[in-house]
Amino acid sequence: MISLPQFGQPARAASLTPRQTARGICVASAAAALGVYLASPFVTLWSVGSALHAHDMTALGQVINWGALDASIKHQTLNGLHLVPTSDDLPEFGESFAATAVSNAVDTTVTQNNLGMLVDQAIPAAVPVSQPNISFASLAAHASVRFARLDQFVAEVPLPGHERETPLRIEMRIQGWRWKITNVEFPTARAPVLQASAAPSNA
């Protein structure tokens, strides 16, 4: 038997209390902020791709931390030339002179004014002539991305024609409330994988 509400019986309040409303607003704001945070590095990568496609070096330069990128390229170059000191011993004069020359060359070349030239030199080496229509979106589809820390985002992009090399690694960090490129590691030859066999070899 269904009992109908009697005349004059107070109806249950349909509206939320001020405390419940405030709590809902806080939860919605936190969810929106988290969504913006998670999407922000991808938006930055998209802006980088758009700047490269349009050859807009001014826009591209705005998302680069030049001091950090300069130090990163110096380290890679010196490491490739085996000039990075591995001990506390003072380097020989020749190595010290070469390291200074490399450092000065990077300081002179890796600048906002030379960014267009650097990109023009890097892209043909990264994208083979047989695949001229490769877009940033197609490269991003094969990229591996992750948050290394709350303020650090890493994207590893395998480049066509460099399958036997390490992927292009782009590291970004939050600086001044926006993501900035702080490190770019260019593809290098992969170290050979040595496989040990448990079976005895024939003498």
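These are my notebook entries on a predicted model of one protein.

**Entry 1: the whole chain**

I began with the overall layout. I found six helices and four strands in the secondary structure. Reading along the sequence, I wrote down the pattern α-α-α-α-α-α-β-β-β-β. I then looked up burial, and 24% of the 203 residues count as buried. The accessible surface came to about 14,900 Å², with 62% of it belonging to carbon and sulfur atoms. My last look here was at contacts with a separation of 6 or more: residues 24 or more positions apart account for 52% of them.

**Entry 2: helix 1**

Does the length of helix 1 agree or disagree with its residue count? I worked with 1.5 Å a residue, so the 37 residues should span 54 Å. The end C-alpha atoms are 51 Å apart, which agrees.

Next I followed the helix axis. I noted a bend of about 35° at Ser 40, and Pro 41 is a proline that follows within four residues. Both Ser 40 and Pro 41 are on my list of buried residues in helix 1. Thr 44, Leu 45, Val 48, Gly 49 and Ala 51 are on that list too. I kept a textbook reminder beside it: an α-helix has 3.6 residues a turn, so residues three or four places apart point the same way.

**Entry 3: Ala 51 and what follows it**

I picked Ala 51 from helix 1 for a closer look. Is Ala 51 buried or exposed? I count it as buried because its relative accessible area is 5%, under the 20% cut-off. Leaving aside neighbours within four places in sequence, I found Ala 51 in contact with Asp 56, Met 57, Ala 59 and Leu 60. I also checked Ala 51 against Gly 61: they are ten residues apart in sequence, and their C-alpha atoms are 9.3 Å apart in space.

Just after helix 1 I came to His 55. His 55 lies in the loop between helix 1 and helix 2. Its phi is positive, about 55°, although His 55 is not a glycine. I had to remind myself that most residues other than glycine have a negative phi. With a relative accessible area of 40%, His 55 is partly exposed.

**Entry 4: the nonpolar core**

Which residues touch the most other members of the largest nonpolar core? I listed Leu 60, Ile 64, Leu 69, Leu 115, Phe 153, Met 172 and Ile 181, out of 23 residues in that core. I then asked which elements supply at least two residues each. Among the helices I noted helix 1 (18–54), helix 2 (57–61), helix 3 (66–80) and helix 5 (115–126). Among the strands I noted strand 2 (152–157), strand 3 (168–175) and strand 4 (178–185). My general note here is that nonpolar side chains tend to be buried together in soluble globular proteins.

I zoomed in on Leu 69. Not counting residues up to four places away in sequence, Leu 69 touches Ile 64, Val 110, Thr 182, Asn 183 and Val 184.

**Entry 5: two charged residues with little exposure to look up**

Lys 74 sits in helix 3. I found it buried, at 18% relative accessibility. Setting aside residues up to four places away in sequence, Lys 74 touches Ser 103, Val 106 and Asp 107. Lys 74 and Asp 107 are 33 residues apart along the chain, yet I read 8.6 Å between their C-alpha atoms.

Glu 171 has its place in strand 3. It also counts as buried, at 8% relative accessibility. Which side chains make polar contacts with the side chain of Glu 171? I noted the side chain of Gln 152 at 3.3 Å, and the side chain of Arg 169 at 3.3 Å. Beyond four places in sequence, I listed Gln 152, Phe 153, Val 154, Lys 180, Ile 181, Thr 182 and Asn 183 as contacts of Glu 171.

**Entry 6: Trp 177**

I finished in the loop between strand 3 and strand 4, where I found Trp 177. Is Trp 177 buried or exposed? I call it exposed because its relative accessible area is 89%, over the 50% cut-off. Its phi is near 65°, a positive value in a residue other than glycine.

Technical notes. Residues numbered from 1 in each chain as written. Predicted model: local features only at pLDDT ≥ 70, side-chain atom pairs only at ≥ 80, totals over all residues. Heavy atoms only, no water. Core = buried A, V, L, I, M, F, W, Y, C linked by side-chain atoms within 4.5 Å. Buried < 20%, exposed > 50% of the residue type's maximum accessible area, 1.4 Å probe, protein only. Contact = heavy atoms within 4.5 Å. Polar contact = N/O pair within 3.5 Å; in protein donor to acceptor, adjacent residues only side chain to side chain. Expected span 1.5 Å × (residues − 1). Bend = angle between axes of the 7 residues up to and from the residue. Areas by Shrake-Rupley, 256 points an atom, 1.4 Å probe, with all protein chains shown as cover.
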